[in-house]
Amino acid sequence: VGRVPPVDDASASPPARRQRRILGLDEQQRQSERRRLLLDAALELFGTRGYANTSVERLCQTAGIGTNSFYELYPNKEAVMVGLYDQVTARFRQAVTDAYVAHHGDPDPVRPLVSAFVHEAVDDPRAARVAFIEAAGISATVEEHRRRTRDDFVDGLQAIGVDIRRARLGSGTTPLTDRPGPSPRRNAVAVVGAIVEMTLDWLLDPEPDPVEDLIDDIAHHCRRVMQAIIDETSSSA
């Protein structure tokens with residue numbers, strides 16, 4: 001038998017390793033699916049049992065994945081809450097944005113915005129519980145994350161408010177900040193706080209009135225704030 005000639009390592013390259021696929025999914029797709037399953041489980045458990053009453057093991061059992069897979073995706077339960085909180089609040093922001101795009105030219109664009117937010121919160125009460133109750137007070141890191149998220153929402157609402165005021169005043173050149181009263185940002189913070197607290201109060205009521213009444217009440221307060229700003233701007237122009 002002849003001797004096999006040596007392989008020139010400089011010119012040869014190992015055969016490409018074929019990526020392992022399970023059920024038609026590659027590793028990245030499997031990780032994405034596990035993350036989805038965990039967040040779905042977290043919404044159910046945090047939104048019904050509560051964050052403090054949910055263990056990592058219970059999350060994994062509900063999601064149908066192993067603990068090793070969990071720790072490949074998240075370092076701890078707190079990180080799952082942050083991921084879920086981002087998912088829930090992103091839906092709130094998108095609902096309000098979509099409503100404003102659809103109704104910004106309406107004579108009264110306020111109620112559709114309020115309705116979009118309220119329905120996104122109350123149609124699945126688990127989402128409201130996660131965002132408004134369970135995510136609070138977990139740690140300084142989560143609180144800072146919640147504050148940044150709230151600030152983003154306030155900035156968006158402030159921009160919408162400025163747009164509505166310009167349309168109501170009938171001029172794009174009227175100064176909107178040189179006016180008496182609270183700053184535009186603090187007005188936006190006040191409106192966000194009112195919307196969240198009134199919605200939460202309705203959710204916690206054992207015998208709530210119809211949700212459309214809640215929307216009417218919130219919209220009424222938002223209009224009063226908006227009209228006060230418009231009146232102040234007009235008188236100081």
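**Charged contacts in an all-helical chain**

Apart from residues up to four places away in sequence, E212 touches R111 and H119. In this predicted model, E212 belongs to helix α9, where its relative accessible area of 34% makes E212 partly exposed. The chain also brings E212 and S115 together in space, since these two residues stand 97 places apart along the chain while their C-alpha atoms are separated by 8.1 Å.

The setting for these contacts is a protein chain with nine helices and zero strands, so that the order of elements, read along the sequence, is α-α-α-α-α-α-α-α-α. Of the 237 residues in the protein chain, 38% are buried. Contacts across long stretches of sequence are well represented: when contacts between residues at least 6 apart in sequence are considered, 69% of them join residues at least 24 apart. The protein chain exposes about 13900 Å², and carbon and sulfur atoms supply 52% of that area.

Helix α6 illustrates how residues of one helix are covered by other parts of the chain. The buried residues in α6 are A127, A128, V130, A131, F132 and E134, and the elements that cover them include α1, α4, α5, α7 and α8.

A search of the whole structure for salt bridges finds 14 of them. One of these is formed by R126 and E44, whose closest N and O atoms are 2.8 Å apart. Because R126 lies in helix α6 (residues 125–134) and E44 in helix α1 (residues 27–46), this pair ties together parts of the chain that are 82 residues apart in sequence. Both partners retain some accessibility, R126 being partly exposed with a relative accessible area of 24% and E44 being partly exposed at 33%.

A salt bridge also joins the side chains of D108 and R223, with a distance of 2.9 Å from N to O. This pair again links distant parts of the chain, as D108 is found in the loop between α4 (77–103) and α5 (110–122), whereas R223 is in helix α9 (residues 211–236), 115 residues apart. The C-alpha atoms of D108 and R223 are separated by 9.0 Å. When neighbours within four places in sequence are left aside, D108 is in contact with R168 as well as with R223. Both members of the salt bridge are partly exposed, the relative accessibility being 25% for D108 and 32% for R223.

A salt bridge within a single helix is provided by R146 and E143, whose side chains meet at 3.1 Å from N to O. These two residues are three places apart in helix α7 (residues 140–169), so they are separated by about one helical turn. The partners fall on opposite sides of the 20% limit below which a residue counts as buried: R146 is buried, with a relative accessible area of 18%, while E143, at 30%, is partly exposed. Beyond such pairs, R150, D151, D155 and R185 are joined into one network by salt bridges that share partners.

Charged residues also form a group at the surface, where E197, D201, D205, E207, D209, D213 and D217 make up a negative patch. The elements that contribute two or more residues to this negative patch are α8 (184–204) and α9. Among the residues of the patch, D209 lies in the loop between α8 and α9, and its relative accessible area of 36% makes D209 partly exposed.

Taken together, these results describe charged side chains in several settings. The salt bridge of R126 and E44 connects helix α6 with helix α1, and the pair formed by D108 and R223 connects the loop between α4 and α5 with helix α9, whereas R146 and E143 both belong to helix α7. Helix α9, which holds E212, is also one of the elements that give two or more residues to the negative patch.

Key:
Residues are numbered from 1 along each chain as its sequence is written. This is a predicted model: local features need pLDDT of at least 70, side-chain atom pairs count only at pLDDT 80 or more; totals for chains, interfaces and linings use all residues. Side-chain values use heavy atoms; hydrogens and water are left out. A salt bridge is a side-chain nitrogen of Lys or Arg within 4 Å of a carboxyl oxygen of Asp or Glu. Helices (H or I, at least four residues) and strands (E, at least two) are DSSP runs, numbered from the N terminus. Buried means under 20% relative accessible area, exposed over 50%, partly exposed in between (1.4 Å probe, protein chains only). Patches are made of residues with over 30% relative accessible area and no salt bridge: like charges are joined within 9 Å, nonpolar side chains (Val, Leu, Ile, Met, Phe, Trp, Tyr) within 5 Å. Accessible areas come from the Shrake-Rupley method with a 1.4 Å probe; for residues, only the protein chains shown count as cover. Lys and Arg count as positive and Asp and Glu as negative; His and the chain ends are not counted. The place of a charge is taken as NZ of Lys, CZ of Arg, CG of Asp or CD of Glu. Contact means heavy atoms within 4.5 Å.
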